[in-house]
Amino acid sequence: HHRLISTVLDQAEKEGQVPFNVAAKATLPKVTKKEVNYFQPEQIAAIRDALRQEPLKWETLTHLLLITGARRGEVLGLKWNTVDFAGNRVHICNNVLYAPDRGIYEDTPKTATSDRYITLPAETMQLLRTYRAWQNTERLRLGEFYENQGFVFSQENGSPMHPDSVTDWMSKFSKRHGLPHIN
């Protein structure tokens, strides 16, 4: 709040609306840093074991989130043309977001450094291959009802997934298997 007020008052001072920026004289409270949430190796093993009991789409999506550390919107923004099977990597260059006034939409990643390539282990690439074959079968089964927009992870009809569906599924998955919260 202070930053916003200070910026507004800076501009007002420049325009001669106020004699000086009173926010510059304020004593700011100390910012407390949140402790980073990370998993121990045995927790990762438990998550991966539980994932093998889940639908392939969710196993693959969660696996990618764990392996890459990417944001949910970045993983949902992956398209098959950004998956480099020969180079064992993915290009994070797209983001799927939701806003009440716009609905589900695509955008660039959150920051300039968020546009990146991530090299993946062979196990992950094999999981992606298996998932792609399954998705192609589903696409053929749905025929004209499937809108192929190229997303790796999509709704059943091929359109982009709502980012909150990932959060909702992760919460239910964690509770179902007695696992720690996955964010």
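1. Let's start with a term: two strands count as paired if DSSP finds at least two bridges between them. Keep in mind, as you look around, that this is a predicted model. With that term in hand, begin at strand E1, where valine 83 has valine 90 in E2 as its bridge partner. Aspartate 84, for its part, stands opposite arginine 89 in E2. In total, 2 bridges join E1 to strand E2 (residues 89–92), and the two strands run antiparallel.

2. Now look at how the chain gets from one of these strands to the other. E1 and E2 make a hairpin with 4 residues between them. Find asparagine 88 in the turn: its phi is positive, at about 55°.

3. Next, move across to the other neighbour of E2. Strands E2 and E5 pair in the antiparallel sense, over 4 bridges. Here you meet valine 90 again, standing opposite isoleucine 118 in E5. So where does valine 90 fit in the picture? It is the bridge partner of valine 83 and also faces isoleucine 118.

4. Put the strands together and you have an open sheet of 3 strands in the order E1-E2-E5, with antiparallel pairing. Why is one side of E1 and of E5 left without a neighbour in the sheet? Strand E1 (83–84) and strand E5 (116–119) stand at the edges, and each has a single partner strand, so one side of each stays free of a neighbour in the sheet.

5. Let's turn to the aromatic rings. How many aromatic pairs does a search of the whole structure find? The search gives 6. One of them is formed by tryptophan 58 and tryptophan 169, which are stacked at 4.8 Å centre to centre with 10° between the planes. Tryptophan 58 belongs to helix H3 (residues 56–68) and tryptophan 169 to helix H6 (residues 163–177), so this pair ties together parts that are 111 residues apart in sequence. Both tryptophan 58 and tryptophan 169 are buried.

6. There is a ring cluster to find as well. Trp80, Phe85, Tyr131, Trp134 and Phe153 are linked into a cluster by ring pairs.

7. Finally, two charged side chains deserve a look for the rings beneath them. Lysine 79 has its charged end over the ring of phenylalanine 151, 4.7 Å from the centre of that ring. Arginine 102 lies over the face of tyrosine 105, at 3.7 Å from the ring centre.

Note on methods: Residues numbered from 1 in each chain as written. Predicted model: local features only at pLDDT ≥ 70, side-chain atom pairs only at ≥ 80, totals over all residues. Heavy atoms only, no water. Phe/Tyr/Trp six-rings, centres within 6.5 Å; stacked < 30°, edge-to-face > 60°. Buried < 20%, exposed > 50% of the residue type's maximum accessible area, 1.4 Å probe, protein only. Lys NZ or Arg CZ within 6 Å of the ring centre and 35° of its normal.
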